Amino acid sequence: MRKWKKIFIGLSLTFLITFVVAGWIFYNMLSSSLPQYAGEISSSKINSNIEVYRDSFAVPYIIAESDEDVAFALGYLHAQERLFTMDLIRRAGEGRLSEILGEKAIPFDKMFRTVGIKRNISKNLYKYDTTVMKILQAYSNGVNEFLKERKGNYAIEFDVLGYQPEQWKPIHSLIVIKMMAWELNISWWTDLSFAELIQKLGTEKVLEILPDYPQNAPTIIADNFKYLPAINSNFAETDKAFRQMMGWTGTHIGSNNWVINANKSVSGKPIIANDPHLAFSAPGKWYAAVIKSKDWNAAGVTLPGVPGVVIGKGDNISWVLTNVMNDDADFYAEKLDSTKAKYFIDGQWQNLKIFKDTIKVKDGKNQIIEIKETHRGPIISNIHPFKFIYNKEDQNMPPISMRWSGNEFSDEMLAFYKLNKAKNWNEFRDAVKYFGIPGQNFVYADAQGNIGYIMGARIPLRSSNNPTLVFDGTSSENDWKGFVPINEIPFILNPAENFIASANNKTLKDFKYHISNLWEPSSRIDRIRELLTFKQKYSANEFKNFQMDQVSPYARTIVPYILKSFEEIKVKDKNLTTSLELLGKWDFDMNKFSQTPAIYSVFLKYLLRNIYHDEMGDDLYNRFVFLANVPYRSLLQILEKPESNWFDDIHTKKQETREEIIRKSLADALTYLEGKFGNDLTNWQWGRMHKVTFKHAFSGNFSLLDNYINIGPYELGGDGTTLFNTEYPFTESIEKFSMFRHDEFDNVLGPSMRFIFDFANPDEFYLVLTTGQSGNVMSDNYNDQSPLWLKGKYMKIRTDETSIRNNSKNALKIIRN
């Protein structure tokens with residue numbers, strides 16, 4: 001053999017051996033961070049021994065003697081599976097992301113330090129219930145037990161970012177709760193954007209497109225029961241960028257829930273269902289658990305970072321949630337003096353509260369920021385967005401302060417602690433009264449056959465009943481006057497309809513207090529009511545089908561406008577002719593294998609753009625469509641006004657009509673589809689362009705790594721108006737954040753879990769998550785539930801102790817030492 005061949009073979013073998021050995025070392029390094037599911041550990045922080053059983057999906061069944069030991073075990077388990085996610089959220093709330101992510105996170109830290117989530121919790125810490133604080137301390141002890149046990153061998157994310165997690169404290173759990181509220185409270189977005197629109201286009205023109213809830217659309221509870229300085233959206237843009245970075249990319253942040261009583265149930269007992277719609281990520285939002293102790297028996301989904309079941313069942317009751325869409329933030333244009341140290345109100349100058357804070361920056365210079373507050377809250381207009389959004393700071397931006405109910409004291413942890421232990425309607429109502437943010441529709445059922453609804457929200461008392469715009473801050477007339485009294489909060493028990501349903505729709509008509517202008521389009525609640533009134537009785541299996549339903553009543557409303565616009569038009573184009581035929585025969589099922597949903601969805605995209613973009617321009621248009629329910633609802637309104645000037649393209653000499661814009665939008669859609677998939681319409685299936693990927697926080701940095709840490713992509717049906725909510729954004733992707741770049745019709749938000757419980761089978765319920773229990777990419781339980789979620793399948797989770805012990809795959813004992 002020639003010498004060069006020997007050298008080549010030798011080098012190749014050396015390289016291969018090195019590669020295999022390195023891969024083996026790397027694999028073992030990752031595997032060593034997997035949690036311990038079996039065996040024994042010991043701790044001095046518990047009162048009695050604890051048993052933790054796990055099934056094949058790694059759902060834990062905690063058996064303990066005391067409430068504190070339950071909390072300890074849950075803290076330990078959360079840390080085992082979701083420590084990095086917990087740490088990321090608490091750091092975000094504290095304004096400490098720059099310590100691990102560097103300069104790119106400075107705007108976010110500046111935003112949250114200014115908003116003051118941690119600052120306000122600390123100020124009110126003494127107000128929290130003493131029992132709750134004991135539970136939170138026990139939970140923290142459980143987290144910290146894991147930190148001590150695994151020191152130096154945490155999940156790979158910590159190694160990549162080069163830091164070690166700090167001790168968990170009770171305040172961190174309270175921050176996680178407030179951050180959930182921040183994610184779900186999006187009402188503030190419209191205040192600034194609508195103010196900008198009015199200043200640019202005038203009140204009369206903008207009032208045509210500001211959405212209102214349809215007068216005859218379903219409510220949850222039946223009927224019987226221009227003068228401010230120029231505004232821009234710097235603060236909102238910064239938060240939009242933060243949401244992109246954290247993966248909170250969708251804005252249909254709502255849910256579906258419903259319950260039927262014995263009169264509508266095949267089993268003769270109430271059946272209750274829920275699927276909360278939240279932004280997708282890997283791992284997902286929730287962690288399933290079953291809790292059993294002398295006084296605390298609950299099962300369902302928990303929020304890593306917080307002890308307790310958020311949605312699920314207790315000993316005798318079950319409860320499920322949807323977002324109220326409560327308008328719990330207001331903005332005020334302030335007038336400052338020349339020193340910028342005083343603000344003007346009611347004819348007098350008042351001192352601003354001014355203090356400095358320091359943001360530590362990884363591999364960079366620490367940033368000292370100045371925070372100013374009025375009596376209402378922080379001035380947020382000095383929070384500037386990234387350079388890629390604006391090239392320079394806007395010196396003309398007026399000082400704007402924000403009041404957000406999330407900065408007021410409320411004890412959500414006490415609410416859920418009581419909820420987990422409630423045995424009946426009265427105890428349930430007593431628990432919900434402590435819940436403030438994010439406002440939730442609590443739907444209830446119990447073993448005695450009762451069904452009910454309570455709004456859990458702190459509704460600000462305002463002098464205006466329609467506070468959609470930025471207020472004049474120089475008058476206290478627009479200040480909040482407190483909150484709606486508990487005894488006036490809406491509720492219902494055992495309605496004559498024999499069911500209750502909510503889908504982020506309006507709570508009730510003619511309520512004397514302002515709740516929101518941000519209700520979701522009535523499409524989902526319309527569909528729920530169609531399904532629940534189609535026949536007399538339903539089963540849990542039918543509820544499974546309902547949660548996968550992809551029929552859009554919204555599309556049913558839009559398509560006739562398309563067909564009408566072509567009634568007297570001679571169509572020669574083959575694909576246009578076929579498209580109109582398909583739309584005319586469509587059953588409005590957004591099936592992933594069908595071409596009609598693709599034609600309709602692309603048409604909808606161009607219709608929005610062709611109506612609104614010419615007047616608004618890029619920036620305002622993207623803000624207007626960012627909160628997806630705004631363009632959905634606005635479009636329904638404007639289509640009913642064929643003579644509206646919004647249909648005219650201001651860039652052309654002629655006056656366009658509604659029908660012309662509709663025809664143009666369908667032509668634009670076909671041009672798009674032909675360019676993307678070719679002229680053969682049979683290749684235009686909706687699923688080819690509408691896909692979901694559950695993305696890890698490190699996604700987008702390296703394509704080979706993405707294939708390993710991301711889950712998907714998977715083709716889907718549905719859209720943002722179907723029960724199986726598969727929202728895609730109308731806004732452009734923020735390319736700066738590689739981890740959350742998206743194609744135009746990518747699904748970014750939807751059912752974060754699905755839950756169904758039939759009281760006829762009290763010791764079992766159905767549940768599925770988007771990804772899996774574990775946040776560790778090496779775990780078999782990182783993505784094992786995704787196939788179930790996609791196909792409408794569920795885990796059946798047993799809650800009786802005999803089944804738990806007999807059917808468990810692993811058993812971990814935590815021994816008191």
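Biologist: What makes helix α16 roughly perpendicular to helix α20?

Modeller: In this predicted model, the axes of α16 (residues 553–565) and α20 (residues 658–677) cross at roughly 100 degrees and come within 9 Å. Angles of 65 to 115 degrees count as roughly perpendicular, so α16 is roughly perpendicular to α20.

Biologist: Which residues make the contact?

Modeller: On α16 they are Y561, I562, K564 and S565, and α20 contributes R658, E659, I662, R663 and L666. Heavy atoms within 4.5 Å count as contact. By class, the residues of this contact are 4 nonpolar, 1 polar and 4 charged.

Biologist: Why is the pair W425 and F428 called tilted?

Modeller: The ring centres of W425 and F428 are 5.7 Å apart, and rings pair if their centres lie within 6.5 Å. Their planes stand at 35 degrees, while stacked needs under 30 and edge-to-face over 60, so the pair is tilted.

Biologist: Where do W425 and F428 lie, and how far apart are they in the helix?

Modeller: Both belong to helix α13 (residues 425–432), where a spacing of 3 residues separates them by about one helical turn. W425 and F428 are both buried.

Biologist: Why is the pair F694 and W789 called edge-to-face?

Modeller: The planes of F694 and W789 are at 80 degrees, and over 60 counts as edge-to-face, so that is the name the pair gets. The centres of these two rings are 5.5 Å apart. F694 sits in strand β21 (residues 691–694) and W789 in helix α22 (residues 786–791), so the pair links distant parts of the chain, 95 residues apart.

Biologist: Are F694 and W789 buried or exposed, and how do you know?

Modeller: Buried means under 20% relative accessible area. F694 has 0% relative accessibility and therefore counts as buried. W789, also at 0%, counts as buried for that reason.

Biologist: How many aromatic pairs are there by this rule?

Modeller: The count comes to 44 aromatic pairs. One aromatic cluster is formed by Y554, Y606, Y632, Y672, W686, Y728, F730 and F745.

Biologist: Why is Q367 called partly exposed?

Modeller: Q367 has 31% relative accessibility, and under 20% would be buried and over 50% exposed, so Q367 counts as partly exposed. Q367 lies in strand β14 (residues 367–373). Leaving out residues up to four places away in sequence, Q367 touches I106, D357, T358, I359 and V361. Between Q367 and D357 the C-alpha distance is 8.3 Å, with their positions 10 residues apart in sequence.

Biologist: What makes β15 and β18 edge strands?

Modeller: The open sheet has 3 strands in the order β15-β10-β18, with mixed pairing. β15 (400–404) and β18 (471–472) each have a single partner strand, so one side of each is left without a neighbour in the sheet.

Biologist: How do you know that β10 pairs with β15?

Modeller: Two strands pair if there are at least two bridges between them, and 5 bridges join β10 (residues 329–333) to β15, running antiparallel. One bridge sets Y332 against S401 in β15.

Biologist: Which residues of β26 form the covered face, and which the uncovered one?

Modeller: In β26 (residues 795–798), M795 and I797 are on the covered face, whereas K796 and R798 are on the uncovered one. In a regular strand, side chains alternate between the two faces of the sheet. Strand β25 (residues 764–769) pairs with β26 in the antiparallel sense over 4 bridges, and L767 stands opposite M795.

Technical notes:
Residues are numbered from 1 along each chain as its sequence is written. This is a predicted model: local features need pLDDT of at least 70, side-chain atom pairs count only at pLDDT 80 or more; totals for chains, interfaces and linings use all residues. Side-chain values use heavy atoms; hydrogens and water are left out. Helices (H or I, at least four residues) and strands (E, at least two) are DSSP runs, numbered from the N terminus. Axes are lines fitted to C-alpha atoms, for helices over the stretch in contact, and angles run from 0 to 180 degrees between N-to-C directions. Angles under 35 degrees count as roughly parallel, over 145 as roughly antiparallel, 65 to 115 as roughly perpendicular and the rest as oblique. Ala, Val, Leu, Ile, Met, Phe, Trp, Tyr, Cys and Pro count as nonpolar, Asp, Glu, Lys and Arg as charged, and the others, Gly among them, as polar. Buried means under 20% relative accessible area, exposed over 50%, partly exposed in between (1.4 Å probe, protein chains only). Rings of Phe, Tyr and Trp (its six-membered ring) pair if their centres lie within 6.5 Å; planes under 30 degrees apart count as stacked, over 60 as edge-to-face and the rest as tilted.
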